[in-house]
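Hello,

I am passing a structure over to you, as promised. Please open it alongside this message, and then read on for some notes on its side-chain contacts.

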Amino acid sequence: MSGMAASAIRFYEEQGLLAPISRTASGYRQYASNAPDRLKLIQGAKKLGFSLDVIRDMLDENGKCSIEKTMQQSAILLREIEEQQAALERRRQSLLILRANLDNYQSDNPCPGNQTVN
């Protein structure tokens, strides 16, 4: 259907992100015609960092994303990324201070690893 493993499709089905509309006489699942697009949307959202719970909330019954919910969730995710970037920058600054202190390190002084940037 989508080039995706059957186990992944079943997983998304179990998570409430995709539903078969019927089964064939031999028991195979049949999905709506928009299922490949929905699977691509789910995969794309996952790559952007959205959790499956958030993705489920963003999807409406016809398999399309709610623009309003997607805007809200993307704003939340952007804030989280900005917070992570700020934390990484603080760590970077602390490491730069450590390296500068190590450049001035005297053998009779303790290791200056406790300097941090707030």
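Below I go through the salt bridges and then the aromatic rings.

Before you start, please keep in mind that this is a predicted model.

Salt bridges

How many salt bridges does the structure hold? The count is 4, and I describe some of them here.

Let me begin with R29 and E13, whose closest N and O atoms are 2.9 Å apart in a salt bridge. This pair links distant parts of the chain, with the two positions 16 residues apart in numbering. R29 belongs to strand β2 (residues 29-31), while E13 sits in helix α1 (residues 6-14). As for its surroundings, R29 has a relative accessibility of 31%, so it counts as partly exposed.

Another salt bridge joins the side chains of D53 and R56, at 2.7 Å from N to O. Where do these two residues lie? Both are in helix α3 (residues 52-58), and because they are 3 residues apart, about one helical turn separates them. Is D53 buried or exposed? Its relative accessibility is 52%, and the cut-off for exposed is over 50%, so D53 counts as exposed. Its partner R56 has a relative accessible area of 29% and is therefore partly exposed.

In helix α4 (residues 67-103) you will find R92 and E89, again 3 residues apart, or about one turn of the helix. Their side chains meet in a salt bridge with an N to O distance of 3.4 Å. R92 is partly exposed at 45% relative accessibility, and E89 is partly exposed too, at 35%.

Aromatic rings

What did the search for aromatic pairs find across the whole structure? It found 1 pair, made up of F11 and Y12. The ring centres are 5.9 Å apart, and the angle between the planes is 55°. Why does the pair count as tilted? Stacked would need planes under 30 degrees apart and edge-to-face over 60, so the 55° of F11 and Y12 makes the pair tilted.

The two rings also contrast in accessibility. F11 has a relative accessible area of 36% and is partly exposed, whereas Y12, at 5% relative accessibility, counts as buried. Under 20% is the limit for buried, so Y12 falls within that class.

Happy viewing, and best wishes

Definitions and conventions:
Residues numbered from 1 in each chain as written. Predicted model: local features only at pLDDT ≥ 70, side-chain atom pairs only at ≥ 80, totals over all residues. Heavy atoms only, no water. Helix = DSSP H or I, 4+ residues; strand = E, 2+ residues; numbered from the N terminus. Buried < 20%, exposed > 50% of the residue type's maximum accessible area, 1.4 Å probe, protein only. Phe/Tyr/Trp six-rings, centres within 6.5 Å; stacked < 30°, edge-to-face > 60°.
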